[in-house]
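Please work through the exercises below with the model open beside you, and try each task before reading its solution.

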Amino acid sequence: MPAIPVMSKHKFSRRNFLKYHSAAGLGLVVPGSLSSLPSPLPAINRGAGKPALLGGNPVFNKEWPKWPQWIPGEDEKRVIEVLRSGTWSRKDVVTEFEKKWAEKTGAKRCLTVVNGTNALTVSLIENNIGAGDEVLVPSYTFIATPVSVLTAGAMPVFIDTHPDTFQMDVSKIEQKITPATKAIMPVHLAGLPADMESIMKIAAKHNLIVIEDACQAHLAEINHKKVGTFGHTGCFSFQNSKNLPIGEGGAIISDDEAFIDRCYAYHNFGSGYGSVKPREKESGFLIRGNKLRLTEYQAAIGLSQMKRIEEQTDRRSESAEILNAELPKISGITPVQLEKNVTRGAYHLYPFRYHKEAFGGLPRSRFIAALNAEGVTCYGGYEPLNTMPYLEDTFKSKNFQKSYPREMLEITKYRQRNNCPENDKLCREAVWLPQFVLLAEKAEIEKIAEAINKIQINAGKLNG
Ligand SMILES: Cc1ncc(COP(=O)(O)O)c(C=O)c1O
């Protein structure tokens, strides 16, 4: 049997994730892929047989769907046309992708950029958020969320996590608002919408900009309205693991045409675009900028993936419904709950809480190892971002030293102000199933509960 790497809390990293996914994309033997077994096992090993981690037969002997999906007959024509055309830098195919993504999300405009991280940073910069400003971010998120704030020169302020939904706890937002607060950056974590109704009310009351980090949440909806269209702007990622994968890529959507014109100008060295026009006698580069353009072949890949995203999103939701019905029957397993009025989840991840007490004290890392060994790809997820060294390092930078009073940069005090106990608990307890697992057949999804049951029954042996 191929070794199935264990991605425990300590071992999970973006690098592991990328390594895993690029291997999957190349059709190599990857964790969760049992295709190289010397002889086929029976389809299901029911009940409480010996755990696979201790040498028993795994519950799953089939590969999970590969990600990203590439169907040569359907997907390659456009990409090859672009490659043969010799026009590889941004032109018509990128514009076509942007129009289509704006249509899909229901936004007036869309601008693509090199990745989701820069989509967030440009959104902050072009909303004039920078040195001396505070931006409220959830504590349960990917590093890109606070990093985008720091890159813009602003200060991330962490909001604790709601214990049931794993989203930003809206009841804890207002206590963190100060005269320096300029924006809220909610994240639709796991592709599941944050409580945008409450967030928009708080933002209106305190005159704050809302930049939605929808990097994991392609086509997720609240009351049939797509996430990314509630705030002033919404940001997406098209990185390899995402529900709309290009390898790398990002997008900013907004109904504010002047704002998107400025973002466009910014992503092209500050050249004029749309309403960003030279005044009398002005010429050349007009506003501050950077170079963040998507390429034509990336857009062609994106268009091919966009054709399947609706169907894939529906499939993930159907799988999540099965898991939502089955997993709560197992004591010690608590799936994530949706915020109110969610009409569609994107399920970039399917997260649940693991309570080790119900598994005889079996540590989460051992549970994850055992579930991986049963053939279910899963991870431990995020570690707390509000205490990591990158913050102190940024605070020591010249830009921050010159922009903030000394007491704001004292790391011990920063950590006290940004203490998020509920998030710390979730980081110890969460287990994630990645989105491609949810693309499996119904019968396979139904067996996930069986694999967890098997671990629970054998917890004593596994803990030995
Ligand atoms: C919540 C969140 N925000 C932002 C990003 C950044 O996107 P990218 O990797 O395209 O820069 C990601 C990507 O993993 C993400 O998960």
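The exercises that follow concern one helix, the surroundings of the ligand, and a pair of helices.

This is a predicted model, in which local features need pLDDT of at least 70 and side-chain atom pairs count only at pLDDT 80 or more, while totals for chains, interfaces and linings use all residues. Residues are numbered from 1 along each chain as its sequence is written.

**Exercise 1.** Determine how many residues of helix H4 (residues 116-125) are buried.

Solution. Helices are DSSP runs of H or I with at least four residues, numbered from the N terminus. A residue is buried if 20 or more other C-beta atoms, placed from the backbone, lie within 10 Å of its own. By this criterion ten of the ten residues of H4 are buried, including Gly116, Thr117 and Ile125.

**Exercise 2.** Find which of the 14 residues around the ligand come nearest.

Solution. A residue counts as near the ligand if its C-beta atom, placed from the backbone, lies within 6 Å of it. Those that come nearest are Asn115, Gly116, Thr117, Ala144 and Ser237. The elements giving two or more residues to this shell are H4 and helix H5 (144-151).

**Exercise 3.** Describe how the axes of helix H10 (residues 364-373) and helix H15 (residues 442-457) cross.

Solution. The axes, which are lines fitted to C-alpha atoms over the stretch in contact, with angles from 0 to 180 degrees between N-to-C directions, come within 10 Å and cross at roughly 130°. H10 is therefore oblique to H15, since angles under 35 degrees count as roughly parallel, over 145 as roughly antiparallel, 65 to 115 as roughly perpendicular and the rest as oblique. Taking C-beta atoms within 7 Å, placed from the backbone, as a contact, Phe367, Ala370 and Leu371 of H10 meet Ala451, Ile452 and Ile455 of H15.

Terms used
A residue is buried if 20 or more other C-beta atoms lie within 10 Å of its own, exposed if 12 or fewer, and partly exposed in between; C-beta atoms are placed from the backbone. Two residues are in contact if their C-beta atoms, placed from the backbone, lie within 7 Å.
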